Structure formats: structure tokens, C-alpha cells
Amino acid sequence: MNITQKAFQIVEKSDGTNKTSKAFDVFIISLILLNVLSVILESHQWIYDQYQKEFFIFEQFSVVIFTIEYIIRLVTSKYKYPNKSRVGAILAFVFSFYGLVDLSAIIPSYFILANLDLRFIRILRLFRLFRLFKFGRYSSAMSILIRVIKSRKEELLLTIFMSCILIVFSASLIFFVEREAQPGVFSSITKSMWWAVATLTTVGYGDMYPVTPLGDIIASFVAVMGIGLVALPTGIIGTGFIEEISRIKSGKPDVPEKCTCPKCGNTFDINTH
């Protein structure tokens, strides 16, 4: 086993048998949690002013560690995607979910360390919270959630599309009904979208509300539609969770094994063919 294979076994999720890999997982998880704690503490101006140097040193240390981890995963990507070429494996990792998360966790820090415009730095500090998503690589619960979302992405995208249509339709309807009675409140369709979102999600902040009888009827209809809007993605994800848990308990593989016919080039699932 060469050094890249050993490195691959260390950085990949530990199965409990490799002590070095397990120690690496514990170290990375601890570093991620400490980074999140650091971002939270930095929001207190008096703490940041008193320990600014310590925060900066810890940020530099974290960037170095996460960068090294990212480079190792790039170099060892050929073992993660054995059916792809070296370049193909690297691209597959870079554009994978966790590849993008890893990149998002380190890129903003290099802009911060470069001492760019302070207003821009304040915005980039928030993106350091992307490191929290790295925790999903080491959390079984987070991995299950990601697999559920991936398996149900078409249904969820359809739900989001339907939600956007409903928001635009509701905002347009309430705008034309209420604009004469409340020209300062429902002054445009785009401004009315806030009311549509607050009503459809059953939040109802109360800063915008109809005053005409027809507006009350529309608001009631939109509020009832909002129940279905919230229930639909909940049901989709809930069903996905049930299927995923059943698959895990039955011992089925995460991804169906595939084989390619050498004659026609078609790909088949070997579990069903």
C-alpha cells in the first residue's frame, strides 16, 4: 500500500477499525465545532477586541489544516472514483457536494487573510460557517439527510417551483385588490411578495395585512393553501426518511451496483438484471 492509499484510508470516514482514521475524524470534528464557536464568540465585539490576535492565529491554523485536508482529498480522489480517469476523478470530487463544501470552507478565509476591504471581510466571515457542513461527512444522521434530499430532489424541486408560482400569484392578486385601499403598504407586486411569503408559511408577522373584504377572503384562501405548502415537502422528506431507514435496516447497499454491457454500452443495475 503506497502513501496515497494510506492517506485515502485516513481521510475517508472511519469504520472504527483504523485508529489513525478515527483519530483524524475526531480531530476534524473538534476543529469544525471550535470554528463554529469562534464565529459565535467573534460576534461579541468586546470578546473580539480583547482576543483578536488569538482569533486570527486560530483562523490561520484552521485554514492550513482544512487546506491540507482538501489537497489530500484531491490527490486521493482516484481511489474514491476508481472508474474515472485521474482528471475525471479530481473534477468529480471538486464538483461533488462535499467537495464544494470543503472549498467554500477555506476560500473565504484567504480573502480575509489578504486584508481586503473591511466591509467585504465582515460578509466573508459569515461564510466560515460553511465549515459546519463538513460535519456531515462524519455524521451518519447528516449523511442520511443528504441521501434523502438527493433521492427526492426532483419532487422537492417541483415543490419549490409550485411554491414560487403560488407566491407570485398570491402577491399579484393581493396587490390589485389592496393597492387602492393601502397604496403605501401594497405599493408593488414585489413588495406584496413579503406578505405572500409570511402568509403562505403561516408566519403572519402582521406588518402587512388586507383591510378590504375581498382582501380578507384572498388572505384566508392563501393561508389555507399555506398549510399544504408546508405539508407537501414535509411529507416528501418524511417518506424518504422512512425508505432510507428501511434500506439501512435491510442491509441494502447505499448505491445500486452498476455494470456496463461491452456490446451496447448500456448501464444496468446488477441487483435487478
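Biologist: Among contacts between residues at least 6 apart in sequence, what share joins residues at least 24 apart?

Modeller: In this predicted model, that share is 58%. A contact here requires heavy atoms within 4.5 Å.

Biologist: What is the order of elements from the N terminus on?

Modeller: The protein has twelve helices and two strands. The order is α-α-α-α-α-α-α-α-α-α-α-α-β-β.

Biologist: Why is Arg152 called buried?

Modeller: Buried means under 20% relative accessible area. Arg152 has 14%, so Arg152 is buried.

Biologist: Why does Glu155 get another label, partly exposed?

Modeller: The partly exposed class lies between the 20% and 50% limits. Glu155 is at 32% relative accessibility, so Glu155 counts as partly exposed.

Biologist: What makes Arg152 and Glu155 a salt bridge?

Modeller: The cut-off is a side-chain nitrogen within 4 Å of a carboxyl oxygen. Their N to O distance is 3.7 Å, so the pair qualifies.

Biologist: How do you know that Glu243 and Arg152 also meet in a salt bridge?

Modeller: Their N to O distance is 2.6 Å, within 4 Å, so this pair passes too. The pair links distant parts of the chain, 91 residues apart. Glu243 sits in helix H12 (residues 213-250). Arg152 sits in the loop between helix H9 (140-151) and helix H10 (153-178). Glu243 has a relative accessible area of 47%, under the 50% limit for exposed, so Glu243 is partly exposed.

Biologist: Which residues do shared salt-bridge partners join into one network?

Modeller: Arg147, Glu244 and Arg247. The whole structure holds five salt bridges.

Biologist: What makes Glu69 and Arg73 a salt bridge, and how are they placed in helix H4?

Modeller: N to O is 3.2 Å, within the 4 Å cut-off, so they count as a salt bridge. They are four residues apart in helix H4, so about one helical turn separates them. Both Glu69 and Arg73 are buried.

Biologist: What makes a set of residues a nonpolar core, and which have the most contacts inside the largest one?

Modeller: Members must be buried residues of the nonpolar list, which includes Ile, Phe and Tyr, joined through side-chain atoms within 4.5 Å. The largest core has 14 residues. Ile28, Phe66, Tyr70 and Tyr81 have the most contacts inside it. Helix H2 (19-42), helix H4 (52-75) and helix H6 (86-94) each give two or more residues to this core.

Biologist: What does Tyr81 touch, beyond residues up to four places away in sequence?

Modeller: Ala89, Ala92, Phe93 and Ser96. A second, separate core of 13 residues includes Ala171, Ala196, Ala219 and Leu229.

Notes: Residues are numbered from 1 along each chain as its sequence is written. This is a predicted model: local features need pLDDT of at least 70, side-chain atom pairs count only at pLDDT 80 or more; totals for chains, interfaces and linings use all residues. Side-chain values use heavy atoms; hydrogens and water are left out. Buried means under 20% relative accessible area, exposed over 50%, partly exposed in between (1.4 Å probe, protein chains only).
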